[in-house]
Amino acid sequence: MNTCAESFETLILRSLGREYGARLLPSGLDITVCDQVALIASGLIWNVYFAVLALSFGFVLATVVALGKASPSAWLNRPARGFIFLFRGSPLFVQFFFVYEALVLLPRAGVTLGEITVPTQWMMRAWAGALFVLFLNTSAYTAEIFHGALASIPKGDSEAADAYGLTGWRKFRRITWPTMLRLAWPSYTNEAIFLLHATTLVFFSAFPAWQQMGDALYYAQYFAAQTFNPFIAYPLVGLYFVLMTLTVIGLFGIVNRRLNRHLPRAARARFRFRPQYIR
Amino acid sequence: MFTFCSDPSTLPDWQWMACYLTTGSHMALYRSVLVVLLLLALAAPLALGMGFLGALAVRAQSRLVRLPGLAYVSMVRGVPDIIFFLFVPLAIDQGVEYARHRLLCPDWPDPVRQGNDFIVCPAAKMPLATDPAWVHDVWGFSLALFAFALVFGAFAANTLNGAMAAVPRAQLETGEAYGMTRAQTFRRILLPQMWVYALPGLSNLWMILTKATPLLFLLGIQDVVFWARELGGQKTGHYAYAHPDWRVWYFLGVLVFYLGLTWISQKVFDRLMARLNHGQATAGGEALRKAAA
């Protein structure tokens, strides 16, 4: 049995590895409520890690894919459509399995490219492999949102840009892109929330939690299985996610205000919680 | 399956494949596809029904009905639904066993929770230890089905509530002008008119439900994901059909299956939307009118 202070000290960073806390997770009758509070909170580190990195990288790729889909050239348009269909049309859960099994087939010793040997073992770890899947997945969903926003940029805005002699990159940078972001932002907020929620799938699909370094739901399930009592761990992880969702809404709200700062108050896009629940 | 399958080690390639793909465990894989479709076929109407009740509760005038409705609808917001899929079946299982325990074994001396164990009297087990295997399967499937209906019912309640609010007020006033009661207006005008507003949301929901079905695997149901893992793994010479690690191909198959499912659904919904838009005072209806003229 740990005292509450001990639980926090030994478990709050445990999801980063054995070096950062207790070597063994509390088990059996030794589990206290404080253990559950601390260890599940520790797991949130991974949820935040996956969500923040996948969203950041995904943002860039999504812009490229959205522009590709909006392009009149079939050479750009077809691959972009295909990419979006592939990742939006299939379950994220199956995507995790597929990519993991594909990575497993890579030679263990590493791939030799000319002189250098690229190691492959790290790709099978969740921090890299699952992040890669989440990145592609959110890129596809975000690209669809950005494409919709590109299509609804007011005609007048882009005509005004033409009238000022803005073309090419400068027009995109100064007019098209900010307007697209402004229009897409409320939907993008929803996408961010659901990507955060989707990070709970990582350790329930193919990717193993190496040395019991898992996310919040992984630990919640561990406790539910150990104590055979689902009524503490699952509501707790649910509560954590409600708080994280509120944080995301708050942070994205600040950006939304900045994107809309030149508009009269009544014309500003407001965030509405629109479900896009599972992927 | 085929007569030439008796000794797989001597077969040429295409016959080996034909025999391999028709073994008993592959038949189980094909049956598991039916399990997925069955879950979809049952969960969709159940969720729609629960969503309908939820939407009615949210719109009710009495606060006693409205507050539980609001609690149900907002339950799924902010919490990843996979938590519900893990929590609900376990909670219901324990709840049912506890209730049966209190009813069937009132004289049981020991407490139900002893340390980390949850022990009810043998007569209260659900299903009973003596029940045949299919009862266990049906019970497990029902719990999963209920979890799906509960979560997606809350989503559907949001959509249906929005759709009911979107029906133009003037159409309801027309009903009142004809002297219809509240119930008549609801049945004759609101209900038929709301579908066109609900369909985009409901079609999205169907897509999400389709893509949530592989989570059945987490609930211990032997679904396509389970069999893909099971059959794809490396088979050594001890097996009749030895092959290396083929899991990636099996999951490619599962991926294509789901892509096909969403693709077909999209086509069906596009046609349905065109039908519902017919003659409606919406942008979609306007587009149909212009195209016809």
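The dialogue below works through the fold, the chain contact and the core of a predicted two-chain model.

Me: How many helices and strands does chain A have, and in what order do the elements run?

Reply: Chain A of this predicted model comes to 9 helices and 2 strands, and from the N terminus on its elements run α-α-α-α-β-β-α-α-α-α-α. Chain B has 10 helices and 2 strands, in the order α-α-α-α-β-β-α-α-α-α-α-α.

Me: How spread out is chain B?

Reply: One way to judge this is to set the radius of gyration against what the globule rule gives. For chain B the radius of gyration is 25 Å, whereas the rule gives 19 Å for 293 residues, so chain B is more spread out than a compact globule. Taken along the principal axes, the C-alpha atoms of chain B fill a box of roughly 80 × 70 × 30 Å, while the C-alpha trace of chain A spans about 75 × 55 × 30 Å.

Me: What share of each chain is buried, and what share of the contacts is long in sequence separation?

Reply: Of the 279 residues in chain A, 41% are buried, and for chain B the share is 29% of 293 residues. Counting contacts with a separation of 6 or more, residues 24 or more positions apart account for 74% in chain A and for 62% in chain B.

Me: How should I read the side of chain A that touches chain B, and which elements form it?

Reply: The size of an interface is often given as the accessible area lost when the parts come together. Here the description is by residues in contact, with 36 residues of chain A meeting 35 residues of chain B. The elements giving two or more residues to that side of chain A are α4 (92-104), α8 (216-227) and α9 (230-259) of chain A, and α9(A) gives the most, with 8 residues. By class, this side of chain A has 24 nonpolar, 10 polar and 2 charged residues.

Me: Which residues stand out in the largest nonpolar core?

Reply: In soluble globular proteins, nonpolar side chains tend to be buried together. The largest nonpolar core in this model has 131 residues, of which A:Phe96, A:Ala220, A:Val237, B:Phe148 and B:Phe152 touch the most other members. Helix α5 (residues 133-166) of chain B gives the most to this core, with 16 residues. Leaving aside neighbours within four places in sequence, B:Phe148 is in contact with B:Leu39, B:Ala43 and B:Ala47.

Me: Are helices α7 and α9 of chain B roughly parallel or antiparallel to each other?

Reply: The crossing angle of the helix axes decides this, and an angle over 145 degrees counts as roughly antiparallel. The axes of α7 (residues 182-212) and α9 (residues 247-277) of chain B come within 10 Å and cross at roughly 175°, and α7(B) and α9(B) are therefore roughly antiparallel. Among the residues making the contact are B:Trp195, B:Leu199 and B:Trp206 of α7(B), along with B:Tyr258, B:Leu261 and B:Phe269 of α9(B). By class, the contact has 11 nonpolar, 5 polar and 1 charged residues.

Me: Is B:Gly232 buried or exposed, and with which residues is B:Gly232 in contact?

Reply: A residue counts as buried if 20 or more other C-beta atoms lie within 10 Å of its own. B:Gly232, which lies in helix α8 (residues 224-232) of chain B, has 22 such atoms within 10 Å and is therefore buried. Apart from neighbours within four places in sequence, B:Gly232 is in contact with B:Asp245, B:Trp246, B:Arg247, B:Trp249 and B:Tyr250.

Technical notes: Residues numbered from 1 in each chain as written. Chains lettered and ligands numbered in written order. Helix = DSSP H or I, 4+ residues; strand = E, 2+ residues; numbered from the N terminus. Buried ≥ 20, exposed ≤ 12 C-beta atoms within 10 Å, placed from the backbone. Contact = placed C-beta atoms within 7 Å. Nonpolar A, V, L, I, M, F, W, Y, C, P; charged D, E, K, R; others polar. Axes fitted to C-alpha atoms, helices over the stretch in contact; angles between N-to-C directions. Parallel < 35°, antiparallel > 145°, perpendicular 65-115°, else oblique. Core = buried A, V, L, I, M, F, W, Y, C linked by C-beta atoms within 7 Å. Rg over C-alpha atoms; globule rule 2.2 N^0.38 Å.
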